[in-house]
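Subject: Handover of a structure, with notes

Dear colleague,

Please find below the structure that I am passing on to you, shown together with its sequence. My notes on it follow.

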Amino acid sequence: MAVNRVPVLKRCRSLDLDPTFLGYDKKSNRKSLRAGKKMSEYGTQLREKQKAKFIYGVLEKPFRNYYKKAERMKGMTGENLMIMLESRLDNVIFRLGFARTRREARQVVGHKHVLVNGKQVNIPSYLIKAGDTIEIREKSKNLQRYKDIVEVTGGRLVPEWLDQDMEGLKGTVKALPTREQIDVPVNEMLIVELYSK
């Protein structure tokens, strides 16, 4: 399986992205070598796509598949794409505060610690639906790892479309998010322009 091993801060610098969107509280004082240089139209479109892929931890082929699926759906393609990326199981675990970063959330799901509607799911790209209940399985709740995570993510704001129960490490999806509720600094229109060439 392909894994992205690029150092997070280095990638954030090259994409002009704040590491806090990924759950990291580190800061980089270095400037990107390309800072201040003019970028072509294609370059800006490509950067937006890379930003979205990097934030959600999706590789090129699955990302293209999401785009094709979003195109077939009703409504704006760009908004559909963002909503689909936001409703991935690993992202929802991160948003609920059951993981410090999206990468950790992916690992939590992959290690079979997550139940969706009472059934074990170990696919990070599983798309959740409105009304789904997501929880950390009973066996894993007492692990030191989750006590540490809760300590770190306890004060994190949970989006309106999710309902969180930090005591029981449980969460409910009230509704699928709208584009306004997704606080990711990505201009999805540029991604649509890039793919529709």
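Two strands are taken to pair if DSSP finds at least two bridges between them. The model is a predicted one, and the notes below should be read accordingly.

**The sheet**

On that definition, strand 1 and strand 2 are paired, with two bridges in the antiparallel sense. Within this pairing, L115 stands opposite Q120 of strand 2. On the side of strand 3 (residues 133-136), strand 1 (residues 114-116) is joined by three bridges, and these two strands also run antiparallel. Here V116 has I134 in strand 3 as its bridge partner.

Strand 3 is in turn connected to strand 5 (residues 170-173) through three bridges, again with antiparallel strands. One residue to look at here is T133, whose bridge partner in strand 5 is T172.

Taken as a whole, the sheet is open and has five strands in the order 2-1-3-5-4, with antiparallel pairing. Strand 2 (119-120) and strand 4 (162-165) are the edge strands; each has a single partner strand, so one side of each is left without a neighbour in the sheet. In general, the strands of a sheet pair through backbone hydrogen bonds, in either a parallel or an antiparallel manner.

Helix 5 lies across four of these strands, namely strand 1, strand 3, strand 4 and strand 5. Relative to strand 4, helix 5 runs at about 60 degrees.

**A pocket**

The second largest pocket has a volume of about 530 Å³. Its lining is made up of 20 residues, of which T20, F94, R95, R156 and L157 are the closest to the centre of the pocket. Helix 5 (89-96) and helix 8 (144-153) are the elements that give two or more residues to this lining. By character, the lining residues of the second largest pocket divide into seven nonpolar, six polar and seven charged.

**The surroundings of V8**

V8 belongs to helix 1, which spans residues 8-15. Is V8 buried or exposed? Its relative accessibility is 12%; because buried means under 20%, V8 counts as buried. Leaving aside residues up to four places away in sequence, V8 touches L22, Y24, F54 and R103. Of these contacts, F54 is 46 residues from V8 along the chain, and the C-alpha atoms of V8 and F54 are separated by 9.2 Å.

With kind regards

Definitions and conventions. Residues numbered from 1 in each chain as written. Predicted model: local features only at pLDDT ≥ 70, side-chain atom pairs only at ≥ 80, totals over all residues. Heavy atoms only, no water. Helix = DSSP H or I, 4+ residues; strand = E, 2+ residues; numbered from the N terminus. Buried < 20%, exposed > 50% of the residue type's maximum accessible area, 1.4 Å probe, protein only. Contact = heavy atoms within 4.5 Å. 1 Å grid on protein atoms, 1.4 Å probe; cavity = no way out; pocket = protein on both sides within 12 Å on 5 of 7 lines; lining within 4 Å. Points joined across faces, edges and corners; volume = space filled by probe spheres on them. Nonpolar A, V, L, I, M, F, W, Y, C, P; charged D, E, K, R; others polar. Axes fitted to C-alpha atoms, helices over the stretch in contact; angles between N-to-C directions.
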